[in-house]
Protein chains: 2
Amino acid sequence: MPTPDGSTRGRILDAAMLRFARSGFGASVRSIAADAGVSAALVIHHFGSKDKLHEATDEYVLTWIREVKRQSIGLAAGGNLLQVLAAADQYAPLVGYVLRSLQAGGAVGREFTEHMIADAQEYTSEAVREGVLRPSRDEAARVRYLVYSSLGAMLLSVTLDPPRDPEDVSAAMRRFMDELYLPMLELFTEGFLTTRRMLDDYLLYVPDPPAGAQDPADGTPTHDEEEP
Amino acid sequence: MPTPDGSTRGRILDAAMLRFARSGFGASVRSIAADAGVSAALVIHHFGSKDKLHEATDEYVLTWIREVKRQSIGLAAGGNLLQVLAAADQYAPLVGYVLRSLQAGGAVGREFTEHMIADAQEYTSEAVREGVLRPSRDEAARVRYLVYSSLGAMLLSVTLDPPRDPEDVSAAMRRFMDELYLPMLELFTEGFLTTRRMLDDYLLYVPDPPAGAQDPADGTPTHDEEEP
DNA sequence: ACCCCGGCTGAACGGGTGTTTAGTCTGTTG
DNA sequence: CAACAGACTAAACACCCGTTCAGCCGGGGT
């Protein structure tokens with residue numbers, strides 16, 4: 001855990017992360033300073049301004065996330081990094097911060113989802129090669145859709161029905177999973193439409209998946225890809 | 001459209017809706033007053049406080065939504081009310097307001113999703129009866145999952161990658177649909193797992209869907225459906 | 001010994017906030 | 001006409017915000 005050295009600057013950074021996660025990015029400099037046991041002026045002295053502090057906290061959280069990710073490669077298979085994080089209560093502040101960033105549209109949220117998409121890209125392409133996942137007509141779009149919908153559903157769930165103690169976001173996520181894991185799994189293994197009509201109609205109407213897809217795997221919209 | 005009478009109170013309500021949609025609920029009373037062409041004091045005079053104004057605007061938006069919904073029953077089939085709304089540019093402010101509410105976790109967001117879930121409940125149960133949708137082991141959970149994930153994905157998409165003019169949220173939603181409609185349709189008709197292992201394991205491990213499910217369709221969690 | 005420099009603070013500044021107050025209009029009612 | 005009522009406003013109030021300022025400490029270099 002990259003909790004910085006015991007330096008005052010580090011304590012401020014830690015306090016900022018916690019406060020931002022708990023109260024959102026509107027939290028006042030004074031409240032962060034109080035949490036860190038210093039004066040508000042010192043916060044500005046070290047970081048220049050509140051915006052700079054926000055940026056520094058973003059960077060701090062991002063390096064932490066990268067480290068966690070590096071350590072738990074494979075564990076997070078399937079792109080469920082958020083759930084891996086939530087499972088370990090020590091990462092609760094991290095999760096809270098990420099959710100706030102997704103909510104506010106900040107840099108952390110964007111980078112977090114893009115990294116998640118990139119990772120999922122790898123996992124799924126490997127899974128397709130192994131035959132446990134059906135190939136898609138547009139792998140990149142599929143991965144993006146899956147990450148957006150799972151992340152978005154989780155975010156919406158904890159936003160509309162937040163935990164009493166904003167600290168305990170992991171409990172809310174666990175509840176979410178308990179409630180909705182079954183329909184998710186059902187959908188993933190069986191779909192829910194009984195007819196191919198809608199899909200075929202769409203493919204007929206818009207036969208071309210985005211030509212500039214960053215995954216050079218497929219060129220043809222037909223659904224038999226490379227068959228070694 | 002329940003845009004209220006030309007009364008000043010109505011103009012303030014309208015301005016509040018627009019400003020809240022455009023700038024979020026942190027928008028100042030003075031800015032709303034300026035938009036409506038009145039003094040800030042008058043806003044308080046009419047509504048008592050900013051919180052009360054927020055509540056009144058929520059209520060105003062909700063009655064508008066209910067009306068639109070009543071008028072376009074059937075059109076919004078499948079629970080894609082948001083997209084129906086977005087398609088008609090006249091509703092752009094409504095959509096913006098709803099998205100802000102989903103983002104902030106307000107009353108409108110909660111009621112909006114719950115109504116959407118209730119509607120989707122009806123649509124899907126009818127579709128299951130007609131045979132175009134597979135039955136689920138837990139219809140209520142499935143509907144909730146689908147609404148959460150589609151709404152959440154859309155929300156996340158416009159949050160992380162917002163339109164330049166906050167007014168033009170419908171364009172962002174259209175872009176979202178253009179990009180991700182294919183994988184969505186794919187997933188819905190085919191799923192993406194090639195094996196039933198994960199689902200069967202889960203059903204074995206947690207064999208009971210919530211006992212109090214309001215849909216008495218199926219009681220047995222065993223998978224004696226089609227295809228061995 | 002000096003000085004200086006960086007961590008650090010309390011107090012203040014300037015600006016924005018929601019809300020209150022006092023008062024001015026205008027139209028209605030007795 | 002006088003009196004009241006309600007829409008409406010400019011100004012002020014009290015507070016919170018991010019930031020600045022002047023100055024206090026304690027330790028290291030010359």
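Helix H1 of chain A and helix H3 of chain A sit roughly perpendicular to each other in this predicted model. H1 covers residues 8–23 and H3 covers residues 40–47, and their axes come within 11 Å while crossing at roughly 105°. That angle falls in the 65 to 115 degree range, so the pair counts as roughly perpendicular. If you want to find the meeting point on screen, look on the H1(A) side for A:Thr8, A:Arg9, A:Ile12 and A:Leu13. Their partners on H3(A) are A:Leu42, A:Val43, A:His46 and A:Phe47. By character, the residues of this contact split into five nonpolar, two polar and one charged.

Let's step back to chain A as a whole. Ten helices and zero strands make up its secondary structure, so reading from the N terminus every element in the run is α. Of its 228 residues, 47% count as buried. Among the contacts in chain A with a separation of 6 or more, 66% join residues that are 24 or more positions apart.

Now bring in the second chain. Chain B can be superposed on chain A by a rotation of 180° with 0.0 Å of shift along the axis, leaving an RMSD of 0.1 Å. This is the relation of a two-fold axis. Both copies use the same surface, with 98% of the contact residues of chain B recurring in chain A.

One place where the chains meet is the packing of helix H8 of chain A, residues 139–160, with H6(B). Here the axes are 7 Å apart and the angle is about 75°, which makes H8(A) roughly perpendicular to H6(B). From H8(A), the contact draws on A:Leu156, A:Thr159 and A:Leu160. From H6(B), B:Leu102, B:Gln103 and B:Ala104 take part. Four of the residues in this contact are nonpolar, two are polar and none is charged.

The aromatic side chains give another route through the model. Searching the whole structure turns up ten aromatic pairs over all chains. One of them joins B:Phe25 and B:Tyr97, whose ring centres are 5.4 Å apart with planes at 90°, so the pair is edge-to-face. B:Phe25 belongs to the loop between helix H1 and helix H2 of chain B, while B:Tyr97 belongs to helix H6 of chain B, so the pair ties together parts that are 72 residues apart in sequence. Both B:Phe25 and B:Tyr97 are buried.

A stacked pair is formed by B:Tyr60 and B:Trp64, at 6.1 Å centre to centre with 25° between the planes. These two residues are four apart in helix H4 of chain B, residues 50–71, and are therefore separated by about one helical turn. B:Tyr60 and B:Trp64 are both buried. Over in chain A, ring pairs link A:Phe20, A:Phe25 and A:Tyr97 into a cluster.

A last stop is B:Tyr91, found in the loop between helix H5 and H6 of chain B. Is B:Tyr91 buried or exposed? The relative accessible area of B:Tyr91 is 14%, which means that B:Tyr91 is buried. The C-alpha atom of B:Tyr91 is separated by 9.5 Å from that of B:Ile65, a residue 26 positions away along the chain.

Technical notes: Residues numbered from 1 in each chain as written. Chains lettered and ligands numbered in written order. Predicted model: local features only at pLDDT ≥ 70, side-chain atom pairs only at ≥ 80, totals over all residues. Heavy atoms only, no water. Least-squares fit on C-alpha atoms with pLDDT ≥ 70 in both. Contact = heavy atoms within 4.5 Å. Axes fitted to C-alpha atoms, helices over the stretch in contact; angles between N-to-C directions. Parallel < 35°, antiparallel > 145°, perpendicular 65-115°, else oblique. Nonpolar A, V, L, I, M, F, W, Y, C, P; charged D, E, K, R; others polar. Phe/Tyr/Trp six-rings, centres within 6.5 Å; stacked < 30°, edge-to-face > 60°. Buried < 20%, exposed > 50% of the residue type's maximum accessible area, 1.4 Å probe, protein only.
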